[in-house]
Every structure is written in C-alpha cells, then in structure tokens.
Amino acid sequence: MRTRLDHLVVSALQQGAAVPAFTCYDFTTALAVVEAAEAAGRGAILLVAPKTAATPNGLRLISALRGLADSAGVPIAVQLDHASDLRVIADAVAAGADSVLADGSSLPYEENIALVREARAVLEAQGHAGVVIEAELGGLAGDEDRAFGLDAGTGTGTAGLTDSAQVEDFVARTGAQLLAVAVGNVHGKYKGEPQLRWDVLQDIAVRTHIPLVLHGASGIPAEELVKAAAMNVGKVNFNTELRTGVLATLEAQTGPYRADGENLQGLLGKWNASAKDFAAGALSTLTK
Ligand SMILES: [Zn+2]
C-alpha cells in the first residue's frame with residue numbers, strides 16, 4: 001500500500017530500523033524492489049531521479065510507480081529525488097510522487113531555505129499540501145546518476161559537511177519533514193574506505209527531532225550502516241551499487257540470452273533477480 005514517506009520512516013525508527021530508498025530509472029528495477037520489500041515484510045522507498053522526472057516518459061514512470069505502490073503488500077512511498085527546479089517538482093507531484101527532496105544544498109544558506117519554502121508554496125497552491133518534503137543541508141560530492149571515484153567529504157565547491165549549528169534554524173524555517181545530511185558520504189563511488197563523521201552526525205541528531213537521511217550509501221560497509229538508526233537516520237539512499245549489479249548482470253547474461261532465441265524476457269528476469277538481491281540485502285542490513 002502506498003504510504004506517507006515520513007510516517008514510514010518514523011515508524012521504522014521507532015523499531016530501531018531505517019528504510020532503504022532505491023533509485024528506479026525503470027519499472028523492472030522498481031518491481032524487484034517491491035518484491036524484495038514484500039518478501040522481507042518491510043517498507044521501502046522508490047526514488048525517481050530529477051533527470052527522469054524532467055521528461056514526459058519520466059512522468060509516466062512516476063504514475064506507474066504510484067500504481068505499483070498502491071498495489072504493494074507493504075508500505076511503499078514514491079519520492080522525487082534531489083530536485084531544485086520548481087517546475088519539475090510540481091510536475092512530478094502532479095504525476096503521482098508523494099514526497100520530494102527539495103534540494104537547495106548547492107545554494108547559499110538563505111537561498112537553500114528559500115527554495116524549500118517555494119517548493120512548499122508551489123505544492124500548496126497546486127492542492128498538494130500533504131506532500132512530504134525532505135531538504136538537504138551541506139554539500140554532497142559526486143553525481144547522482146553516474147559514478148566516479150570520489151574522496152569522501154571533499155565537497156564540490158559547495159558547503160561540504162553539514163554545519164550542525166545551522167540545523168535548528170534550517171529545520172524551523174524550511175518546515176522540512178526529513179533532513180538529508182553531508183557527513184562524509186558521497187554520491188557515486190568512494191575512493192578508498194569511506195570515513196563517515198559519526199561525531200558530526202551525532203551533533204546533528206541532538207539538534208532536531210525530524211528523521212535524518214543518508215545519501216550515497218553505496219560503498220559504506222554494512223557494519224557502519226547498521227549504526228544509522230541509532231543516530232536518528234531513518235532513510236538511507238542507494239543507487240550506485242544497485243546499478244553496478246544490474247549492469248554486471250546484463251554484461252554477463254546478454255550473450256547467452258541472445259543465443260537463446262533473443263530471449264529478452266529471460267534477460268529481464270536476471271535483471272529483476274539482481275536488483276531484488278541487492279534490495280533484500282539493504283533491507284536486511286537496515287533492520288538489524
Ligand atoms: Zn542523493
């Protein structure tokens with residue numbers, strides 16, 4: 001069943017768990033995520049990239065994901081990820097997204113706040129006051145959709161680590177219901193071992209009651225991720241590792257399935273299995 005993202009995350013935190021969120025560029029991956037969530041008896045979040053949502057086909061994908069969430073046997077939320085374009089936010093919500101990351105983290109502090117507030121105003125004017133808004137404070141290095149090796153916490157000429165001293169003011173003025181933080185996590189691949197700044201995360205967690213969100217979880221070892229919920233991190237975003245697994249599967253299996261009578265259906269089954277295995281692993285890690 002489709003559910004409010006904030007309710008899903010808060011109820012997981014109350015059980016000492018976090019909810020995984022998976023970027024879905026396509027419906028095959030989304031089906032696999034929902035199947036894994038149903039098998040685990042846990043909720044999950046389907047993320048749509050802003051570049052996806054900026055196209056007519058992407059908006060149709062959002063509508064399809066909403067239908068998938070409605071029919072799921074466990075709570076599922078559909079979120080527009082990392083959007084800074086108000087038009088994309090409005091279109092994605094009109095198409096069926098029930099939550100949005102209004103991401104002004106690359107902007108100066110006051111402009112970041114203004115973007116989140118404008119996003120809320122646009123959605124309210126559209127009659128979508130119930131949409132859940134995540135905001136981001138601190139700059140994450142890396143690219144959401146393409147992975148290259150990155151040093152953790154280097155930033156990309158943006159704010160770098162979340163400044164915990166800004167957290168209370170930022171949350172109060174944006175009205176955000178979840179807060180994405182930069183604590184040494186990056187989008188894409190980590191160069192060497194990721195060094196998460198648990199001290200910074202702890203400092204943030206004591207300053208706000210809203211759930212925190214960790215982006216760029218691919219590459220962070222499971223023994224680190226299991227600590228997240230204790231720091232009020234209720235949502236953990238995965239993308240790169242999911243893509244890596246699917247692409248490796250397709251690379252290995254395309255030849256055999258072509259030889260097997262151009263068997264696209266069989267190949268899609270392997271795609272599904274790869275994504276489902278990954279999602280099952282993430283679900284299990286975050287509920288330990
Ligand atoms: Zn992200």
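## Helix 5 and what surrounds it

Let's start with helix 5, which covers residues 86-95 and has Val 88, Ile 89, Asp 91, Ala 92, Val 93 and Ala 95 as buried residues. Keep in mind throughout that this is a predicted model. What lies over those buried residues? The cover includes strand 2 (44-48), helix 3 (50-53), helix 4, strand 3 (76-83), strand 4 (99-102) and helix 6 (109-125). Right after helix 5 comes Gly 96, with a positive phi near 135 degrees.

## The nonpolar core

One of those buried helix 5 residues, Ala 92, turns up again in the core. The largest nonpolar core has 91 residues, and the members that touch the most others are Val 33, Leu 46, Val 48, Ala 92 and Val 100. Helix 11 (residues 264-286) gives this core its largest share, seven residues.

Val 100 is worth a look of its own. Setting aside residues up to four places away in sequence, Val 100 touches Gln 79, Leu 80, Ala 83, Ile 89, Ala 92, Val 93, Ala 119, Val 131 and Ile 133. Among these partners, Ile 89, Ala 92 and Val 93 are buried residues of helix 5.

## Helix 2 against helix 4

Now for some helix pairs. Two packed helices are described by the angle between their axes and the distance between the axes. Helix 2 (residues 27-40) packs with helix 4 (residues 56-71) at about 20 degrees, and their axes are 11 Å apart. Angles under 35 degrees count as roughly parallel, so helix 2 is roughly parallel to helix 4. Their crossing is right-handed.

Which residues do the meeting? From helix 2 there are Phe 27, Ala 30, Leu 31 and Val 34, and from helix 4 there are Leu 61, Ala 64, Leu 65 and Leu 68. Sorted by class, this contact of helix 2 with helix 4 has eight nonpolar residues, no polar ones and no charged ones. As for the spacing along a helix, an α-helix has 3.6 residues a turn, so residues three or four places apart point the same way.

## Helix 2 against helix 11

Helix 2 also crosses helix 11, at roughly 45 degrees, with the two axes coming within 8 Å. That angle makes helix 2 oblique to helix 11. This crossing, too, is right-handed.

On the helix 2 side, the residues that meet helix 11 are Thr 28, Thr 29, Leu 31, Ala 32, Val 33, Glu 35, Ala 36, Ala 37, Ala 39 and Ala 40. Facing them from helix 11 are Leu 268, Trp 271, Asn 272, Ala 275, Lys 276, Ala 279, Ala 280, Leu 283 and Ser 284. By class, the contact of helix 2 with helix 11 splits into 13 nonpolar, four polar and two charged residues.

## Ala 282, further along helix 11

Staying in helix 11, we reach Ala 282. Is Ala 282 buried or exposed? Ala 282 is buried, because 27 other C-beta atoms lie within 10 Å. Leaving aside neighbours within four places in sequence, Ala 282 is in contact with Pro 20 and Phe 238. Ala 282 is also 264 residues from Ala 18 in sequence, yet their C-alpha atoms are 9.9 Å apart in space.

## Leu 137 in strand 5

Strand 5 (residues 132-137) is home to Leu 137. Leu 137 counts as buried because it has 27 C-beta neighbours inside 10 Å. Not counting residues up to four places away in sequence, Leu 137 touches Ser 105, Thr 162, Gln 166, Val 167, Phe 170, Leu 179 and Val 181. Its C-alpha is 8.4 Å from that of Asp 103, with their positions 34 residues apart along the chain.

## Gln 253 and two loop residues

Gln 253 lies in helix 10 and is partly exposed, with 19 other C-beta atoms within 10 Å. Outside its neighbours up to four places away in sequence, Gln 253 touches Leu 267 and Lys 270. Gln 253 and Lys 270 are 17 residues apart in sequence and 7.8 Å apart from C-alpha to C-alpha.

Where does Glu 262 sit? Glu 262 is in the loop between helix 10 (240-259) and helix 11. Glu 262 isn't a glycine, but its phi is positive, near 50 degrees. Glu 262 is exposed, with 10 other C-beta atoms within 10 Å. Asn 232, in the loop between helix 9 (222-225) and strand 10 (233-238), has a positive phi of about 65 degrees without being a glycine. Asn 232 is partly exposed, with 19 other C-beta atoms within 10 Å.

How values were computed:
Residues are numbered from 1 along each chain as its sequence is written. This is a predicted model: local features need pLDDT of at least 70, side-chain atom pairs count only at pLDDT 80 or more; totals for chains, interfaces and linings use all residues. Axes are lines fitted to C-alpha atoms, for helices over the stretch in contact, and angles run from 0 to 180 degrees between N-to-C directions. Helices (H or I, at least four residues) and strands (E, at least two) are DSSP runs, numbered from the N terminus. Angles under 35 degrees count as roughly parallel, over 145 as roughly antiparallel, 65 to 115 as roughly perpendicular and the rest as oblique. A crossing is left-handed if the near helix is turned anticlockwise from the far one by less than a right angle, and right-handed if clockwise. Two residues are in contact if their C-beta atoms, placed from the backbone, lie within 7 Å. Ala, Val, Leu, Ile, Met, Phe, Trp, Tyr, Cys and Pro count as nonpolar, Asp, Glu, Lys and Arg as charged, and the others, Gly among them, as polar. A residue is buried if 20 or more other C-beta atoms lie within 10 Å of its own, exposed if 12 or fewer, and partly exposed in between; C-beta atoms are placed from the backbone. A nonpolar core is a set of buried Ala, Val, Leu, Ile, Met, Phe, Trp, Tyr and Cys residues joined through C-beta atoms within 7 Å.
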